[in-house]
Amino acid sequence: MKSITLIKGDGIGPEIAESVLEIIDSSGLVIDWDIQTAGADVIAKEQTPLPDRVIESVIKTGIALKTPITTPIGKGFRSVNVQLRKELDLYANVRPSYNLPGIKTCYDNVDIIVVRENTEDLYAGIERQIDENTAESIKRITRFASLRIADFAFNYALRNNRKEVCVVTKANICKLSDGLFLNCARETAKRFPQINFREILVDNCCMQLVQNPNQFDVLLLPNLYGDIVSDLCAGLIGGLGIAQGANIGTDCAVFEPVHGSAPDIAGQNKANPTALLMSAIEMLSYIGENDIGYKIKTALFETLRAGIMTPDIGGNYSCSKFTNEIIKRLRCII
Ligand code: ATP
């Protein structure tokens with residue numbers, strides 16, 4: 001039986017985790033879940049939002065499914081998500097955005113993979129208060145991390161029959177830091193003549209994505225732009241409720257939705273579990289359970305095609321009723 005860590009965060013985390021666990025359970029696949037809680041709710045007892053036991057569990061199992069964890073804005077503890085990615089050296093954040101059946105959006109031909117560098121840039125957390133009125137953050141970009149993520153993006157493109165990698169920077173302004181990232185991408189591109197290579201500035205990229213998203217294939221970005229542009233791509237396909245993601249390292253992988261903990265709807269049975277479910281389906285394929293993953297995806301797509309949806313994508317089904325509808329269809333397929 002495969003052991004997988006389930007990192008249960010806060011906000012809508014517990015509701016969507018329950019939904020996805022129920023669906024996987026109904027598929028007949030037996031997983032030995034090592035359930036680890038993290039986030040604001042464990043601080044009182046363990047004095048940290050990310051206890052060592054969570055990291056130790058992922059190192060042991062090598063794979064985790066993770067629900068969101070709230071990051072306090074402007075104060076409080078350091079982002080647990082960022083800390084986890086750093087400690088486990090999950091250097092590649094892969095966020096696919098493509099149209100799902102039944103969900104009406106402005107475009108019906110979006111199919112974009114965002115590959116985001118996950119360990120440095122402004123997320124390194126090197127900040128200081130100079131005086132009461134001045135603060136600064138260091139944007140750290142290294143050759144090592146830039147070459148590593150570029151290599152990942154091109155290999156991903158090759159393995160998945162993608163045609164192009166487009167590197168996205170602001171190298172005309174951040175000439176040294178983004179300039180280094182861009183040069184590493186250029187250097188790497190030379191080793192992959194089969195893949196078309198393109199360069200674009202991040203502001204133009206956002207405008208082009210909104211006007212004509214189907215011109216893009218694989219986008220390669222430093223950490224901050226990757227975070228922002230992947231939310232934009234999620235918006236193109238119907239919103240954060242359906243946007244999946246994965247954090248890949250050399251020794252382990254953590255699958256998690258693009259969205260945050262959505263505190264505004266937590267505990268109301270309104271959350272859309274699709275983003276976590278799609279992340280879990282990707283995780284199943286990663287561990288070689290492609291057949292089960294395909295069946296779950298078919299049940300999900302049939303449910304959406306029938307117009308059964310949560311409120312964030314225009315439906316009126318609660319999280320639990322939506323889950324039951326997927327399970328009903330899954331039982332007919334299994
Ligand atoms: P973070 O910075 O932690 O990633 P965020 O600022 O991107 O968080 P979210 O918590 O993702 O914010 O929420 C943004 C909006 O999207 C909120 O209105 C939230 O309710 C909605 N949202 C996010 N995830 C879902 C979901 N699974 N189902 C329904 N609505 C969602």
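**Exercise 1. Determine which residues leucine 220 touches, leaving aside residues up to four places away in sequence.**

Solution. Step 1: apply the contact criterion, heavy atoms within 4.5 Å. Leucine 220 then touches Val115, Ile149, Ala150, Ala153, Val165, Cys166, Val167, Val168, Phe181 and Ala185. The structure is a predicted model, in which local features need pLDDT of at least 70, side-chain atom pairs count only at pLDDT 80 or more, and totals for chains, interfaces and linings use all residues. Residues are numbered from 1 along each chain as its sequence is written, and side-chain values use heavy atoms, with hydrogens and water left out.

Step 2: place the residue in a core. A nonpolar core is a set of buried Ala, Val, Leu, Ile, Met, Phe, Trp, Tyr and Cys residues joined through side-chain atoms within 4.5 Å. Buried means under 20% relative accessible area, exposed over 50%, and partly exposed in between (1.4 Å probe, protein chains only). The largest nonpolar core has 83 residues, and Leu219 and Leu220 touch the most other members. Because domain 1 and domain 2 both give residues to this core, it lies between them. A second, separate core has 14 residues, including Val54, Ile55, Leu84 and Leu88.

**Exercise 2. State how the chain divides into domains and how many residues of each are in contact.**

Solution. Step 1: take the bounds, which come from an automatic or database domain assignment. Domain 1 covers 1-95 + 241-334, and domain 2 covers 106-236.

Step 2: relate the two. Their C-alpha centres lie 25 Å apart, and 15 residues of domain 1 are in contact with 18 residues of domain 2.

**Exercise 3. Describe the lining of the second largest pocket and place this pocket relative to the domains.**

Solution. Step 1: define the object. On a 1 Å grid over the protein atoms alone, a pocket is an open set of points where a 1.4 Å probe fits, with protein on both sides within 12 Å along at least five of seven lines; lining residues have an atom within 4 Å of a point.

Step 2: list the lining. There are 24 lining residues, and Pro96, Tyr156, Asn160, Glu282 and Ser285 lie nearest the centre. By class they divide into 13 nonpolar, six polar and five charged; here Ala, Val, Leu, Ile, Met, Phe, Trp, Tyr, Cys and Pro count as nonpolar, Asp, Glu, Lys and Arg as charged, and the others, Gly among them, as polar.

Step 3: find the main contributor. Helices (H or I, at least four residues) and strands (E, at least two) are DSSP runs, numbered from the N terminus. Helix α9 gives the most to this lining, with five residues.

Step 4: locate the pocket. Both domain 1 and domain 2 give residues to the lining, so the second largest pocket lies between them.

**Exercise 4. Compare aspartate 89 and aspartate 121: where does each lie, and is each buried or partly exposed?**

Solution. Step 1: check the backbone. Aspartate 89 has a positive phi of about 50° although it is not a glycine. Aspartate 121 also has a positive phi, of about 65°, and is not a glycine.

Step 2: place them. Aspartate 89 is in the loop between α4 and β4, and aspartate 121 is in the loop between β5 and β6 (127-131).

Step 3: read the accessibility. Aspartate 89 is partly exposed because its relative accessible area is 30%, whereas aspartate 121, at 0%, is buried.
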